[in-house]
Amino acid sequence: MENILLKNYQTPYNTAPFSKISNNDFLRAFKKAIENAKIEIDAIVNTSEQPTFENTIEALEFSGEQLDRISSIFFNLNSAETNEIIQKIAQEVSPLLSEFGNDITLNEALFKRIKSVYDSKDTLNLTTEQQTLLDKKYKSFSRNGANLPEDKKEKLREIDKKLSQLTLKFGENVLAETNKFEMLITDEADLSGLPEGAIEAAKQLAESKEKGGWLFTLDYPSYIPFVTYANHRELRKKITIAAGKKGFHNDELDNQNIVLQITTLRHERANLLGYKTHAHFVLEERMAKTPEKVKSFLNELLVKAKPAAEREFKNLQDFAKESDGIQHLEKWDGTYYSEKLKQKLFSLDDEKLKPYFKLENVINGAFTVANKLFNLRFEKIQTIDKYHEDVLTYKVTNSNGEFIAIFYADFFPRKGKRNGAWMTSYKPQYMKNGQQERPHISIVCNFTKPTKSKPSLLTFNEVTTLFHEFGHALHGMLANTTYPSLSGTSVYWDFVELPSQVMENWCYEKEALELFATHYETGEVIPMDLVEKIKESATFLQGMQTLRQISFGLLDMSWHGGESPVAIKSVKEFENNAFAGTQLYPDVPENCMSTSFSHIFQGGYSSGYYSYKWAEVLDADAFEYFKESGIFNKEVATKFKDNVLSQGGTEDPMVLYKRFRGQEPKPEALLKRAGLI
Ligand SMILES: [Zn+2]
């Protein structure tokens, strides 16, 4: 039987042949492609030739190409256009893929060859990119214990097994705690202040559980409107404390002990592999490099942001006192009075802005910006396949008419697409046998759909989202490297948001807005006082916001970058010590942050929470450079393209950044932009 996924596509630009793929093709294609990839690995291991960079590292890099191609089509569809069949296949395929991954990292004969190349690296005359690739391949083994003696390898596997069970349990407990809490309101007067939509949703939720009245829960769509708008202070207190108490009830869903076990095991694991702490282990593969650097980074920001944060807090406190006679501003008052104060100061209404941001205009705006900066041209192309009729397809060329990339854009929500917005690719850029392979990049969003009478008009938040994802897309499209695993967005985690976040800056600039922010009916350019208001409101309470992010980053570093947690007795006490100097509101003794801090105890953010602020410092510092010589300055843009966008992960990001900027990033530009200095 024919299986299109296993053949040459024979499509224009070798694009994914969506219309010819049947869901039934996937499983068989995956199995066959894994088999083929294994044959390629075996060939590397079993050759009688001495290990060289080419026959080992490069051969490993280019192995499994067919499998990668199928995986990217499949998993992209599972995010953007899924259905029950695809989801079922995903469940079947995921264990096969992780088993295949393990087969490689545990392949001792393969590691022996890699190590032999690695040990002789100084004599090999490798290019910088080749050195990076060699280092990356070697570390993908050594960081998983390949250098350890058998008994320690066994120990490592034990720790990993325990850790995956504990992090899973941590998440299950948080979820169970979230689902457990219910606040039923039966007196309509208690709903005062809440918007119509929130009241309606609470009524429906109560009905679905066969209850009268209005039901509120700790789910964000229920919780956030309540703490933002409900006038009833005692009820705000009740639900806020419940939210802060997840995993902290001394019952079967308690996470205190799990936090201590996870951090102790991570510390042990790092020691076993020769690292001082878990943070040292994680940060080795980050731009920040060491816990010391992260801590000094956070503390420097703290010193500079704290006075502004305290000023803002005092304003907010005064405002609450004037409005409602509140003597002491508490955690359950923060969101509520922030919203009230924001309304009073800005009265910025999305509906006022939306007519200036028709989707087509905004897309063309992003294209024009990319043209002015990087000489790119976007031309609609109708001859390639798409997985849904809503998807837009473009051929991207440079000013010499050379082919740069295929660009897909999929903007509207529908059943089968997950929430949020993201950039992804169907094919990376790389060079093979002297042949340049150009990438196929896609962005997927969930913007307001057009209706019969109205085009799609974006909120300002959607506009910055589009520019953000487009920035990631430029990183992918402008890639110019040799190896696919170092291409485009394949960079260290605390560097990957630079190209995306920096693009958002153009949305606040008059010179850029004039290019595309015109009224969809009258053609009038957006009034500058509206733009000023957008800018001002973006700095609203930024000091408090910054302090909060810093406090989470420092807590993360305390758990993962210090002494072994084995001696810690009280999670709450440890946490309060870590928070010292960053708190504005009075402590709530019955609450604990760590027991529901899923980012670091369940998701992949352990020793990485700082990267939110880190990326902001980078993007503000980079944009400052543009602003110094004009936001469309070709020279600066070319430097950015040549040293950052085209380079992917071929070199250490700090080296790349300094080559672009002439110096290390400094926090001043961010502090200025956020209105803190
Ligand atoms: Zn992003």
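A pocket, as used here, is an open set of grid points with protein on both sides within 12 Å along at least five of seven lines. Keep that in mind for the first exercise, and remember that you're looking at a predicted model.

**Exercise 1. Describe the second largest pocket: its volume, its centre and its lining.**

Step 1. Start with the volume, which is about 1,100 Å³ for the second largest pocket.

Step 2. Now go to the centre. Of the 38 lining residues, E61, S63, G64, E65 and D68 are the closest to it.

Step 3. Look at which elements build the lining. Helix 1 (23–46), helix 2 (53–61), helix 3 (65–80), helix 4 (84–105), helix 6 (128–142) and strand 6 (422–427) each give at least two residues. Helix 3 provides the largest share, with eight residues.

Step 4. Finish by sorting the lining by class: you get 15 nonpolar, 15 polar and eight charged residues.

**Exercise 2. Find the donors of the zinc ion and work out what kind of site they form.**

Step 1. List the donor atoms. H468 and H472 each use NE2, while E497 appears twice with an OE atom, and the distances run from 2.1 to 2.8 Å.

Step 2. Check the spacing in sequence, where the donor residues follow the pattern H-x3-H-x24-E.

Step 3. Place the two histidines. Both sit in helix 17 (residues 460–477), and because they are four residues apart there, about one helical turn separates H468 from H472.

Step 4. Try the angles. Four donors count as tetrahedral if all angles lie between 85 and 135 degrees. Here the angles among the four donor atoms go from 51 to 139 degrees, and the site is irregular.

Step 5. Are the histidines buried or exposed? Buried means under 20% relative accessible area. H468 has 13%, so it is buried, and H472 has 8%, so it counts as buried too.

**Exercise 3. Locate L218 and F660, and say what each one touches.**

Step 1. Begin with L218, in the loop between strand 2 (214–216) and helix 9 (220–229). Its relative accessibility is 3%, so L218 counts as buried.

Step 2. Set aside the neighbours within four places in sequence. L218 is then in contact with E177, T178, F181, Y223, I239, A242, A243 and K246.

Step 3. Move on to F660, which belongs to helix 26 (residues 653–661). With 0% relative accessibility, F660 is buried.

Step 4. Leave out residues up to four places away in sequence once more. F660 touches A622, Y625, F626, V636, K639, F640, N643 and V644.

Step 5. Add a distance for each. The C-alpha atoms of L218 and W506 are 36 Å apart, with their positions 288 residues apart along the chain. For F660 and F281, 379 residues apart along the chain, the C-alpha separation is 28 Å.

**Exercise 4. Where do Y13 and L541 sit, and what is the phi value of each?**

Step 1. Y13 is in the segment before helix 1. Its phi is near 60 degrees, a positive value in a residue that isn't glycine.

Step 2. L541 is in the loop between helix 20 (528–538) and helix 21 (542–560). L541 isn't a glycine either, yet its phi is positive, at about 55 degrees.

Step 3. Close with accessibility. Y13, at 33%, counts as partly exposed, whereas L541, at 14%, counts as buried.

Key:
Residues numbered from 1 in each chain as written. Predicted model: local features only at pLDDT ≥ 70, side-chain atom pairs only at ≥ 80, totals over all residues. Heavy atoms only, no water. 1 Å grid on protein atoms, 1.4 Å probe; cavity = no way out; pocket = protein on both sides within 12 Å on 5 of 7 lines; lining within 4 Å. Points joined across faces, edges and corners; volume = space filled by probe spheres on them. Nonpolar A, V, L, I, M, F, W, Y, C, P; charged D, E, K, R; others polar. Buried < 20%, exposed > 50% of the residue type's maximum accessible area, 1.4 Å probe, protein only. Contact = heavy atoms within 4.5 Å. Donors = N, O, S within 2.8 Å, 3.2 Å for Na, K, Ca; no water. Tetrahedral: all angles 85-135°; square planar, octahedral: opposite > 155°, others 65-115°.
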